[in-house]
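Q: I'd like a close look at one part of this model, going residue by residue. Can you walk me through it?

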Amino acid sequence: MADHQSELLRSLQARGYIHQITDAAALDALAARQIVPAYIGFDATAPSLHIGSLVQIMMLRRLQQAGHKPIVVMGGGTTKVGDPSGKDESRKLLTTEAIQANIASIFRVFERFLSFGDGPSDAVMIDNAAWLDSLEYVPFLRDVGRHFTINRMLSFDSVKLRLDREQPLTFLEFNYMILQAYDFLELSRRVGCRLQMGGSDQWGNIVNGIELGRRIDGAELFGLTTPLITTADGAKMGKTAAGAVWLNGDQLPAYEYWQFWRNSDDRDVARFLRLFTDLPLDEIARLEALQGAEINAAKKLLADAATALCRGDEAAREASQTAQATFEQGGAGENLPRLSIAEGAIGIVQALTVLGFAASNGEARRKIAEGAVRLNDIVIKDERYEIVLDQDDPVKISLGKKRHGLLTR
């Protein structure tokens, strides 16, 4: 491990956030002597970000904890174009009104992780539509476009992936990397931003911005990327059979968010504690040494701490109590996911898919055939089973040992 002099790089290194840095020694020296304004960009394609964005949010939190200034850049402008990175196809274009509504919704999550205000290390949220929407095309091509070569742009993985698969890459999306580089230049000018951070797939875009700032303004800018966060079994972080794990409470109940962390693979627990909680590193080292059934205690701590950060202490407490009532006391916790059936009856396959316990009818049938589905703790193996609901008593439906919901009238 590099012997960094700044608290920022020491913290990021110790907790596992660092993949690449453009000039580690110079950035370390800068962070040791002054407040460094740093940004990460987020597109506003939905009303909530999901867990795949959480490592970036936590990195801004670490930045602020080390005394530096987080800049959350919302892509009000770039969302109108679409980032081709990691995408197999073009995104659906959104209206300006839909994008602004998404930004307002997403801000509610950032308020939990960062302290916003006017102070030197207070976080700010900036919409890149502030400068991108007013750009004039011909002056932009002349002043900025001339610094980019098609040869270089074609070499980026985000472009090569689509071309190699012979999938369409629109000229609109091809411009995205130029606009992201221009964001860094504008942020450098407007708020003195010196550092752009992001996932490892953003390395080429970040380097573009650094070079553009140097060529046009002679600015010394830096880039830092995180490793791709995957689970122990190789899956991309935040992808589940039931879909994305959303950060906003109105997109995903707190209990299900808590349960996602509680269901972590044993091999991931210590790494996730370092990345996604504020637990001290010596405490995490102690938990990392736990073996066998004791690792469940660490998983509960992970779920409690991660949920408290994102949803608040009360939501974490309620989720934990619901889990205890469901798993340890054999009951049906009040905050389990609920599905209200106005007709009073529903097929078991449909119940599993509507609750999100199965991604398709076929998967639901397979789970039933495997004996993994229970109603009020009784195994049901008939895929044609009709669940009839009483007016008063809910029916608990379970998939395996970890997923539970309530069906009500």
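Is Phe184 buried or exposed, and what is its relative accessible area?

A: Keep in mind that this is a predicted model. Phe184 is buried: its relative accessible area is 0%. Its ring pairs up with the one on Tyr39 in an edge-to-face arrangement, with 5.6 Å from centre to centre and 65° between the planes. Tyr39 sits in strand E2 (residues 37-42) and Phe184 in helix H10, so this pair ties together parts that lie 145 residues apart in sequence. Tyr39 counts as buried too, because its relative accessible area is 2%, and the cut-off for buried is under 20%.

Now look at Asp183, which also belongs to helix H10 (residues 176-191). Asp183 is buried but has no salt bridge. The nearest side chain of opposite charge is Arg190, 8.6 Å away, whereas a salt bridge would need the charged atoms within 4 Å. Leaving aside residues up to four places away in sequence, Asp183 touches Tyr39, Thr78, Asn128, Trp131 and Leu132. So Tyr39 turns up again here, as a contact of Asp183 and as the ring partner of Phe184 in a pair that ties strand E2 to helix H10.

Back to the rings: the count for the model comes to 9 aromatic pairs. Tyr39 and Phe184 make one such edge-to-face pair. Elsewhere, ring pairs join Tyr257, Phe260, Trp261, Phe272 and Phe276 into a cluster. Within that cluster, both Trp261 and Phe272 are buried.

Definitions and conventions
Residues numbered from 1 in each chain as written. Predicted model: local features only at pLDDT ≥ 70, side-chain atom pairs only at ≥ 80, totals over all residues. Heavy atoms only, no water. Helix = DSSP H or I, 4+ residues; strand = E, 2+ residues; numbered from the N terminus. Buried < 20%, exposed > 50% of the residue type's maximum accessible area, 1.4 Å probe, protein only. Lys, Arg positive; Asp, Glu negative; His and termini not counted. Contact = heavy atoms within 4.5 Å. Phe/Tyr/Trp six-rings, centres within 6.5 Å; stacked < 30°, edge-to-face > 60°.
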